[in-house]
Amino acid sequence: MKRLIVVSNRVSPPSEEESGNQGGLTLALSAVLRESNGIWFGWSGGETETYTGNINFQKSAGVTTATVDLEPQDIHEYYDGFANRTLWPLFHYRVSLAEFERGFVDGYERVNTRFAETLLPLITEDDLVWVHDYHLIPLGQRLRERGVDNRIGFFLHIPWPPMRLMVSLPNHQELVESLFAYDVVGFHTEDWLDSFLDYVRAQMDAEIRDDGTVVWRGRTLRAVVCPIGIDARAYAETAQGETARTMCRQMQASADGRGMIVGVDRLDYSKGLQERFLGYERLLATRTELQEQVFLLQIAPPSRESVQTYQEIRASLDALSGRINGEFASVEWVPVRYVNKGYPRDVLAGIYRAAKVGLVTPLRDGMNLVAKEFVAAQDPEDPGVLVLSHFAGAAAQMPEAVLINPYSPEEIADALAHALTMPLAERQARWRALMDGLLEEDVTWWLGQFMAALDPGTTETVELA
Ligand code: G6P
């Protein structure tokens with residue numbers, strides 16, 4: 001097997017402990033990195049006064065990580081700035097939240113160049129290089145400029161915006177052109193791929209061939225749709241493990257016979273949390289018989305806290321949850337349990353299993369793995385119902401969920417009422433269909449699809465331990 005070098009802004013090395021706390025993506029990438037004796041390169045999350053390019057190598061659970069610290073100005077302009085104040089809102093269709101500053105572009109270019117220079121000596125002849133996400137779009141080009149002619153792939157974990165939004169980015173042309181340094185570019189859904197193809201067709205006059213290759217000025221890339229999955233079998237087992245079972249029992253006891261609706265999201269404006277709260281408020285106001293009978297548990301760990309839009313969403317959710325509780329609560333019942341901290345995945349599995357409804361209502365989301373994990377954690381005999389936004393990438397693979405328009409409080413309220421009263425046979429049938437899909441297109445399948453495109457000669461498959 002060829003050696004794989006994975007590059008991402010955030011590096012989350014696997015830990016030696018049980019897999020229950022670790023993300024599915026980390027586990028999947030770790031499996032292939034371990035087998036290929038590969039390296040995972042990226043930002044340590046730490047700061048240094050002046051960038052040195054010194055690499056901190058670590059080996060954990062058989063996986064080698066190579067991380068670098070960044071300067072405060074890099075973090076401000078590259079991570080907080082261009083990645084999270086420009087690209088993140090724009091790629092989630094929120095142009096009015098996007099900030100366009102040349103300093104951010106400079107910082108983004110600088111960090112991508114620094115990454116390329118630092119990574120260069122680690123790349124050997126036959127290595128495959130796989131770059132992840134919007135922080136590192138120009139990295140492939142920076143590597144090519146330094147003579148790297150290995151196969152390099154890129155995977156975008158967030159949506160690709162429609163062409164008419166993309167062109168509002170002052171440096172859109174340069175950014176998209178830089179993608180042509182890659183051999184393979186992967187998206188989660190046909191929608192994101194179509195938006196990309198619209199752009200290259202109309203703005204760059206690129207040739208799109210029937211076999212999925214795109215040709216522009218002598219460079220050819222293969223654009224693929226490759227929706228990320230979870231390790232559904234393993235997560236279903238996690239949901240029956242000791243930690244999850246204990247948590248499930250605790251939640252059932254604390255629910256005291258009331259139906260639990262659960263949401264778990266990073267505190268991010270793309271997740272539609274305000275709209276979700278408003279939909280739930282509508283449910284309580286219009287179906288008064290459900291008052292005292294249900295509650296919403298919203299787990300929302302803070303995220304990207306130095307960015308102002310994230311501070312604003314936090315303040316507005318504090319106000320909204322307070323308002324709903326003030327309006328509807330009784331001395332014995334709190335309608336919204338709003339929790340600003342994160343929980344390990346095995347604990348979450350128990351919470352999901354205790355819930356009647358999983359409420360996943362992003363306004364726009366590349367994929368959304370909470371939707372998938374909620375389903376995988378359910379008891380097949382008595383499964384909860386997934387209420388899912390049409391605008392999550394996951395909706396394309398999960399038509400048996402109750403699909404809603406997250407902008408409509410009425411639709412959310414109707415869907416919640418429908419889910420809370422759904423007959424057992426229908427819940428089971430929907431769950432079975434969803435779970436079959438998750439088992440079929442799981443994380444190993446995703447990895448296999450992308451790796452087959454990146455290294456077309458390979459016949460090897462990766463098995464997760
Ligand atoms: C999204 C992005 C990831 C990112 C994650 C957490 O899922 O696609 O690249 O790592 O959010 O965000 P953070 O800024 O904390 O890394």
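Colleague: How many nonpolar, polar and charged residues are in the shell around the ligand?
Modeller: This is a predicted model. The shell has 4 charged, 3 nonpolar and 2 polar residues.

Colleague: Which residues are around the ligand?
Modeller: Three arginines are there: Arg10, Arg266 and Arg304. Then come His135, His157 and Asp133. Tyr79, Trp88 and Ile158 complete the list.

Colleague: What does the side chain of Arg10 do with the ligand?
Modeller: An N or O atom in the Arg10 side chain is 2.5 Å from a ligand oxygen.

Colleague: And Tyr79, how far is its side chain from a ligand oxygen?
Modeller: An N or O atom of the Tyr79 side chain is 2.5 Å from an oxygen of the ligand. For Asp133, a polar side-chain atom lies 2.5 Å from a ligand oxygen.

Colleague: How much of the ligand's accessible area does the protein cover?
Modeller: The protein covers 71%. On its own, the ligand has 380 Å² of accessible area.

Colleague: New topic. Which space does the ligand take?
Modeller: The ligand takes the largest pocket. That pocket holds about 1,600 Å³ of space.

Colleague: Which lining residues lie nearest the centre of the largest pocket?
Modeller: Arg10, Gly23, Leu25, Arg266 and Leu369, out of 47 lining residues. Arg10 and Arg266 are also among the residues around the ligand.

Colleague: Which helices and strands supply at least two residues of that lining?
Modeller: One strand, S1 (4-10), and the helices H1 (24-36), H2 (72-91), H12 (345-354) and H13 (369-376).

Colleague: How does the pocket lining split by class?
Modeller: The lining has 21 nonpolar, 17 polar and 9 charged residues.

Methods
Residues numbered from 1 in each chain as written. Predicted model: local features only at pLDDT ≥ 70, side-chain atom pairs only at ≥ 80, totals over all residues. Heavy atoms only, no water. 1 Å grid on protein atoms, 1.4 Å probe; cavity = no way out; pocket = protein on both sides within 12 Å on 5 of 7 lines; lining within 4 Å. Points joined across faces, edges and corners; volume = space filled by probe spheres on them. Helix = DSSP H or I, 4+ residues; strand = E, 2+ residues; numbered from the N terminus. Nonpolar A, V, L, I, M, F, W, Y, C, P; charged D, E, K, R; others polar. Near = heavy atom within 4 Å. Polar contact = N/O pair within 3.5 Å; in protein donor to acceptor, adjacent residues only side chain to side chain. Areas by Shrake-Rupley, 256 points an atom, 1.4 Å probe, with all protein chains shown as cover. Sits in = over half its atoms within 2 Å of the grid points.
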